[in-house]
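Ready to practise reading a protein model? Work through the exercises below with the structure beside you, and try each task before you look at its solution.

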Amino acid sequence: LMRYMNPWTLPAWAWWSAWAVTRAGVGFWDHLVIMLVKMSKAKLLPTRSDPDKPVRFVPTWGCMASMVYLGINSFLEYLFVLNLTFYLWHSDAVPKTAGELGLVNTAVALYVMFAAMDVVYAPCHRFLHWAPVYPYVHKHHHRQVFPAQGYLDAGNEHPIEQVVGLSSTWFGVYCAVYLTGAHAATIFAFFNIHAALAMLNHSPYDIEFSVLGFTYSVGAHEMHHRCFTINYAQYFMFWDVAMGTWVNYEADHRAAMKAAKYSASYMGPRAKKAAKDVPPIVNANAATNVSNTSAETKKAA
C-alpha cells in the first residue's frame, strides 16, 4: 500500500508540500482555462443566456458531503499524479528524450489515449446510473443540474466515481504506451488537456469541436446533467451512439426530457412505449458531426 501512497519515498514534509503544490496547480489551471475561454468571447449555453430565466444553482460550500468528497478526491488525484510521474520516469516503455519524439508517439498516441479512456469510461458511467447503484455513488454529482463552477463541479463526486475516472485515464495511458510507444511529453499533455476539458464540461460556456471522431461538446454534458440517462461519454460520443444513448442538445426542458425518454438506458414508465416509437430528436449523425449539434443549439436558442 505504501508503494502506491508514496512511490517516490518522499519524507513527510515533502509529501505534504507536493500535495499543496498540486492543489495550487489545479486551482491555477482551472482559473486559467476559464479566463482564456472568457477572453475568446465564447457564448454561454442557451440555458444560461436569458437573465429572465435563471437556472437552478446548488452551492458547493456549506454542503458537508461536497466538502468531504472534494477533500478525499484531492488526495486520490494527488496519488494518481505521484504514481503517473513515477511510471513515466522509471518505465523503459515510455520514451523521454526530445530526439525520440515522432508523429506516432505524439499525435496518434494522444488520439489513442482519449479514445481508449472513453471506451472504458462511457459504459462505467452508464453503470453508475443503474437504479440499484445510482443513489449510493453518482447521485451526489447530479445535485448540480446546470454545472457552472468548473473544477468544483467536476471534482464534486463520490470517491468511488473518482477512482472509476482515474482508472479510465490509466487505461488510456497504458493503451497508448503499448500501442504507439507514447512519449512522456504526450502523456503530460494528455493529462493537462483532459483536466482542462473536464473543467470546461462543467462550465456554462458553449464550447464544441470535432476532430476525426473526437467530439467535444459542453452542451452534450449539460444535457447529461439535466436528463441523466443520455450522453455518457466525454469525448468520443460515438460510444453513446453505439449504446443508443446519444441525444442532441435541447435548451427547452420539455423537449430535452422527451428526447431522453428514447434513450436506451431510460428506465421511466414510458420506456417500453418509447422503444416502439420513432425518436424525434435522437440523431446518430450529430455525434460524429458537431455542426449538427450546433444547429440544434441555435434552433433551440
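**Exercise 1. A strand and its partner**

Which residues of S2 lie on one side and which on the other, and are they buried or exposed? Then find the strand that pairs with S2.

*Solution.* Keep in mind that this is a predicted model.

Step 1: Phe 214 and Tyr 216 are on one side of S2, while Thr 215 and Ser 217 are on the other. All of these residues are buried, so both faces of the strand are covered, by the cut-off of under 20% relative accessible area.

Step 2: The partner is strand S1, residues 208-211, which runs antiparallel to S2 and is joined to it by 4 bridges. Val 211 is found opposite Phe 214 in S2.

Step 3: Look at the turn. Just 2 residues lie between S1 and S2, which form a hairpin, and Leu 212 in this turn has a positive phi of about 50°.

**Exercise 2. The overall plan**

How many helices and strands does the protein chain have, and what percentage of its residues count as buried?

*Solution.* Step 1: The chain holds 12 helices and 2 strands. In order from the N terminus, the elements are α-α-α-α-α-α-α-β-β-α-α-α-α-α.

Step 2: There are 301 residues, and 49% of them count as buried.

Step 3: Take the contacts between residues at least 6 apart in sequence: 73% of these join residues at least 24 apart.

**Exercise 3. Into the core**

Which residues touch the most other members of the largest nonpolar core?

*Solution.* Step 1: A general idea helps here: in soluble globular proteins, nonpolar side chains tend to be buried together.

Step 2: The largest nonpolar core has 44 residues, and those touching the most other members are Met 113, Val 173, Ile 187, Tyr 216 and Tyr 235. Elements that each supply at least two residues of this core include helix H3 (64-90), helix H6 (159-180) and strand S2 (214-217). H4 gives the largest share, 7 residues.

Step 3: Follow Ile 187. Beyond its neighbours within four places in sequence, its contacts are Leu 84, Leu 88, Val 94, Met 113, Val 173, Val 177 and Ala 182.

Step 4: Ile 187 is one of the buried residues of H7, as are Phe 190 and His 194.

**Exercise 4. Checking a helix length**

What span should H7 have, and what distance separates its end C-alpha atoms?

*Solution.* Step 1: H7 has 17 residues, and at 1.5 Å a residue it should span 24 Å. The expected span is 1.5 Å times one less than the number of residues.

Step 2: The end C-alpha atoms of H7 are 25 Å apart, which agrees.

**Exercise 5. Classifying a ring pair**

Why is the pair formed by Trp 8 and Phe 86 edge-to-face?

*Solution.* Step 1: A pair of aromatic rings is described by the distance of the centres and the angle of the planes.

Step 2: For Trp 8 and Phe 86, the centres are 5.3 Å apart and the planes meet at 80°. Planes over 60 degrees apart count as edge-to-face, so this pair is edge-to-face.

Step 3: Place the two residues. Trp 8 is in the loop between helix H1 (2-5) and H2, Phe 86 is in helix H3, and they are 78 residues apart.

Step 4: Trp 8 is partly exposed, at 30% relative accessibility. Phe 86 is also partly exposed, with a relative accessible area of 21%.

Methods
Residues are numbered from 1 along each chain as its sequence is written. This is a predicted model: local features need pLDDT of at least 70, side-chain atom pairs count only at pLDDT 80 or more; totals for chains, interfaces and linings use all residues. Side-chain values use heavy atoms; hydrogens and water are left out. Buried means under 20% relative accessible area, exposed over 50%, partly exposed in between (1.4 Å probe, protein chains only). Contact means heavy atoms within 4.5 Å. A nonpolar core is a set of buried Ala, Val, Leu, Ile, Met, Phe, Trp, Tyr and Cys residues joined through side-chain atoms within 4.5 Å. Two strands pair if DSSP finds at least two bridges between them. Rings of Phe, Tyr and Trp (its six-membered ring) pair if their centres lie within 6.5 Å; planes under 30 degrees apart count as stacked, over 60 as edge-to-face and the rest as tilted.
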